[in-house]
Amino acid sequence: MATTKTATPWGGAELVEQVTVKQQAGERRFSTVVELLETGSGERLVRFAYSTGGQARRGPVTFRARDIARLRDQLDQHPALAEALGL
């Protein structure tokens with residue numbers, strides 16, 4: 001993954017890992033993005049966001065049980081993010 005820098009309330013951070021879970025509610029299609037970020041001092045942060053049309057948005061993120069199962073499956077390929085989530 002290419003190095004991506006992002007702003008957080010704690011200052012700048014670098015994207016370490018990212019998992020995207022595709023979801024659908026009726027006809028609406030969207031994705032939830034779970035990101036592992038690391039600040040310049042080495043602190044790790046986990047950010048949840050949702051995405052519509054490729055544009056990340058902030059706000060509440062809701063998972064159904066089957067979405068959590070898909071997230072867990074994808075975390076097998078992202079061990080640092082899984083560890084940060086305690087899974």
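**View 1. The largest nonpolar core of this predicted model draws on both strands and helices.** Nine residues make up this core, namely Val19, Val21, Val34, Leu36, Leu71, Leu75, Ala80, Leu81 and Ala82. At least two of them come from each of strand E2, strand E3, helix H1 and helix H2 (79–84), and H2 gives the most, with 3 residues. Leu75, one of the core residues, touches Val19, Leu81, Ala82, Leu85 and Leu87 when residues up to four places away in sequence are not counted.

**View 2. Five strands form an open antiparallel sheet.** The strands follow one another in the order E1-E2-E3-E4-E5. Strand E1 (5–8) and strand E5 (55–57) stand at the edges, and because each has a single partner strand, one side of each is left without a neighbour in the sheet. From one strand to the next, the twist averages 50°. Helix H1 (residues 65–75) packs on this sheet and touches E2 and E3, with its direction making about 135° with that of E2.

**View 3. Strands E2 and E3 pair with each other and form a hairpin.** The antiparallel pairing of E2 (residues 11–25) with E3 (residues 28–39) runs over 12 bridges. Along this pairing, Glu17 has Leu36 of E3 as its bridge partner, while Gln24 stands opposite Arg29 in E3. The hairpin leaves 2 residues between the two strands, and Gly26 in the turn has a positive phi of about 65°. Of the 12 residues of E3, 9 are buried, so this strand is largely enclosed by the rest of the structure.

**View 4. Strands E3 and E4 form a further hairpin.** Their pairing is antiparallel and extends over 8 bridges, and within it Thr32 has Tyr50 of E4 as its bridge partner. Here 4 residues lie between the strands, and Gly42 in the turn has a positive phi of about 95°.

**View 5. Asp67 is a buried residue of helix H1.** Because its relative accessibility is 0%, Asp67 counts as buried, the cut-off for which is under 20%. With its neighbours within four places in sequence left aside, Asp67 is in contact with Val21, Lys22 and Gln23. Of these contact partners, Val21 is also listed among the residues of the largest nonpolar core.

**View 6. The largest pocket is lined by residues that include members of several strands.** About 220 Å³ of space lies in this pocket. Its lining consists of Gln18, Thr20, Val33, Glu35, Arg47, Phe48, Ala49, Ser51, Gly54, Ala56, Arg57 and Arg58. The elements that give two or more residues to this lining are E2, E3, strand E4 (44–52) and E5, and E4 gives the most, with 4 residues. Strands E2 and E3 thus appear in the lining of the pocket as well as among the elements that supply the largest nonpolar core. In a regular strand, the side chains alternate between the two faces of the sheet.

Conventions:
Residues are numbered from 1 along each chain as its sequence is written. This is a predicted model: local features need pLDDT of at least 70, side-chain atom pairs count only at pLDDT 80 or more; totals for chains, interfaces and linings use all residues. Side-chain values use heavy atoms; hydrogens and water are left out. Two strands pair if DSSP finds at least two bridges between them. Axes are lines fitted to C-alpha atoms, for helices over the stretch in contact, and angles run from 0 to 180 degrees between N-to-C directions. Contact means heavy atoms within 4.5 Å. A nonpolar core is a set of buried Ala, Val, Leu, Ile, Met, Phe, Trp, Tyr and Cys residues joined through side-chain atoms within 4.5 Å. Buried means under 20% relative accessible area, exposed over 50%, partly exposed in between (1.4 Å probe, protein chains only). On a 1 Å grid over the protein atoms alone, a cavity is a set of points where a 1.4 Å probe fits but cannot get out, and a pocket is an open set with protein on both sides within 12 Å along at least five of seven lines; lining residues have an atom within 4 Å of a point. Grid points are joined across faces, edges and corners, and a volume is the space filled by probe spheres set on the points.
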